[in-house]
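Colleague: Hi! Could you walk me through this one? I'm new to reading structures, so plain words please.

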Amino acid sequence: MKGYAIIKTGEHGWIDVDEPVAGPLDAICKPIAVAPCSSDTHAMHAGMGPAGPLINRIMGHEAIGEVVEVGELVTRFKPGDKVVIPCTTPDWASQPNLQEKGTNNAHDFDVMTSFKFLIQEDGVFAERFRVNNADNNMVLLPEGMDLADALMVTDMMSTGFYGAEMADVKLGDTVVVFGIGPVGLMAVAGAKLLGAGKIYATGTRKNCADLALEYGATEIISYKDGNTVEQILEKEGGKVDAVIIAGGNCGSMNEALQLVKPNGAIGSINFYDLEDVFTVPAFEWGLGMADVTIRGGFCPGGALRAEKLLKLIQYDRIKPGKTFNYEFHGFDKIKDAFILMDEKPRDLIKPIVYIDDLD
């Protein structure tokens, strides 16, 4: 079986491996549409922490698939079903309380260990891939739904919306979103759907800025026009209710602390590198007395989460597939899409690969 893999740190390419085997609760799928993610390139460059460096690990964690085989205990799916497969697929038996309110299901055994594809095992850039706990981790593709819209649910939409949820966005709030890549765009959309009034989004790429405005941003802030924090404070006449960090670096946390009101909240969905270190001046944190909530978290997954997000698409609350602005066709084109994602040309938002040549 062929798959596109991290061969070793800094090197990627096609490898041949044995086909995956389904356990009693699992499904084997073939990809219909996939998308490379910054996390794939991040892992290839050994930036994923204790799980890296990875060797001969097939990449990819965003996929719409077709079921090829199911384990003997799987009841919701059968071969031929088209399914949406979240990037986070918990081992639900390990933590029975994973669906309780306030518990992120990304951490079944330990930090991010529900992130099976790529980190725990081979990913979806393969002719066949395994989905653990299929009944609880896959959703039938709604009839007639655009593949691009559905594919965004697997990671980008869930992650971006989670940033808004962690920032505790409420009706009429003023919100700042740092970064307007795919996740930041979904954070803007999530903040709007949660009821935000004014939404500042920071970024400089015109195509991303235009989409941010379409998804609900009320104003775009560019660092080219001066200090981002100073611009927002001046325009707002003070601080804001919530900040979502969907881009930037460790310094973005200090910028967020300068912007958020007492009793406000910061939600960070930015993926940092191993060598990154946070240094937070006490003054910016209100000397520790400001009652500001800071949360950072990984993409929630599982079937229930995906079903809820898919409803937002079904009932025309959002069209997330607009973020895909590069399109490829054919299994072998995964390589081209991955290289594009790694190189990140200025006009790139996100690439999609339609797999229309697999038996």
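Colleague: Which residue in β4 is the bridge partner of Ile 6?

Modeller: Arg 57 is the bridge partner of Ile 6 in β4. Keep in mind that we're looking at a predicted model.

Colleague: Okay! And what stands opposite Ala 5 in β4?

Modeller: That's Ile 58. The strands β1 and β4 are joined by 2 bridges and run antiparallel.

Colleague: How many bridges join β1 to β2?

Modeller: There are 6 bridges between β1 and β2, and these strands run antiparallel. As an example of who faces whom, Lys 8 has Glu 11 of β2 opposite.

Colleague: So what's the strand order in that sheet?

Modeller: The order is β2-β1-β4, an open sheet of 3 strands with antiparallel pairing. At the edges you find β2 (11–16) and β4 (57–58), each of which pairs on one side only.

Colleague: Which helix packs on this sheet?

Modeller: Helix α10 does, and it touches β1 and β2. The direction of α10 makes about 160 degrees with that of β2.

Colleague: What about the turn of the hairpin? How many residues sit between the strands β1 and β2?

Modeller: There are 2 residues between the strands, and Gly 10 in this hairpin takes a positive phi near 85 degrees.

Colleague: How accessible is Gly 10?

Modeller: Gly 10 has 45% relative accessibility, so it counts as partly exposed. Its place is in the loop between β1 and β2.

Colleague: New topic: aromatic rings. How many aromatic pairs are there?

Modeller: The count comes to 7 aromatic pairs. In one of them, the rings of Tyr 4 and Phe 338 have centres 5.8 Å apart.

Colleague: Why is that pair of Tyr 4 and Phe 338 called tilted?

Modeller: Their planes are at 55 degrees, so the pair is tilted. Planes under 30 degrees apart would count as stacked and those over 60 as edge-to-face, with the rest called tilted.

Colleague: Where in the chain are Tyr 4 and Phe 338?

Modeller: Tyr 4 is in strand β1 (residues 2–8) and Phe 338 is in helix α10 (residues 334–343), so to speak two distant parts of the chain, 334 residues apart, linked by the pair. Both Tyr 4 and Phe 338 are buried.

Colleague: Which residues are in a cluster with them?

Modeller: Ring pairs link Tyr 4, Trp 14, Phe 331 and Phe 338 into a cluster. Trp 14 has another companion: Lys 2 lies over the face of its ring, at 4.6 Å from the ring centre.

Colleague: And what about Phe 115 and Phe 298? How far apart are their ring centres?

Modeller: The centres are 4.9 Å apart, and the planes of Phe 115 and Phe 298 are at 45 degrees, so this pair is tilted. Phe 115 lies in the loop between β6 (82–85) and β7 (129–131), and Phe 298 in the loop between β14 (293–296) and α9 (302–314), so the pair ties together parts that are 183 residues apart in sequence.

Colleague: Are those two rings buried or exposed?

Modeller: Phe 115 is buried, with a relative accessible area of 0%. Phe 298 is buried with a value of 12%.

Colleague: Let's switch to the sheet with 6 strands. What's the order there?

Modeller: This open sheet runs β11-β10-β9-β12-β13-β14, with parallel pairing. β11 and β14 stand at the edges with a single partner strand each, so one side of each has no neighbour in the sheet. On average, neighbouring strands here are turned by 15 degrees against each other, direction ignored.

Colleague: How many bridges join β9 to β12?

Modeller: Strand β9 (residues 174–178) is joined to strand β12 (residues 240–245) by 4 bridges. In that pairing, Val 176 stands opposite Val 243 in β12.

Colleague: Which strands does α7 lie across?

Modeller: Helix α7 (residues 228–236) lies across β9, β10, β11 and β12, and it runs at about 160 degrees to β10.

Colleague: Last one: which residues of α6 are buried?

Modeller: In helix α6 (residues 206–215) they are Cys 208, Ala 209, Leu 211, Ala 212 and Tyr 215. Seen down the axis of α6, these buried residues fall within an arc of 165 degrees, so they line one face of the helix. Their cover includes α5 (182–193), β10 (198–202) and β11 (219–221).

Conventions. Residues numbered from 1 in each chain as written. Predicted model: local features only at pLDDT ≥ 70, side-chain atom pairs only at ≥ 80, totals over all residues. Heavy atoms only, no water. Phe/Tyr/Trp six-rings, centres within 6.5 Å; stacked < 30°, edge-to-face > 60°. Buried < 20%, exposed > 50% of the residue type's maximum accessible area, 1.4 Å probe, protein only. Lys NZ or Arg CZ within 6 Å of the ring centre and 35° of its normal. Arc of directions from axis to C-beta. Contact = heavy atoms within 4.5 Å. Pairing = 2+ DSSP bridges. Axes fitted to C-alpha atoms, helices over the stretch in contact; angles between N-to-C directions.
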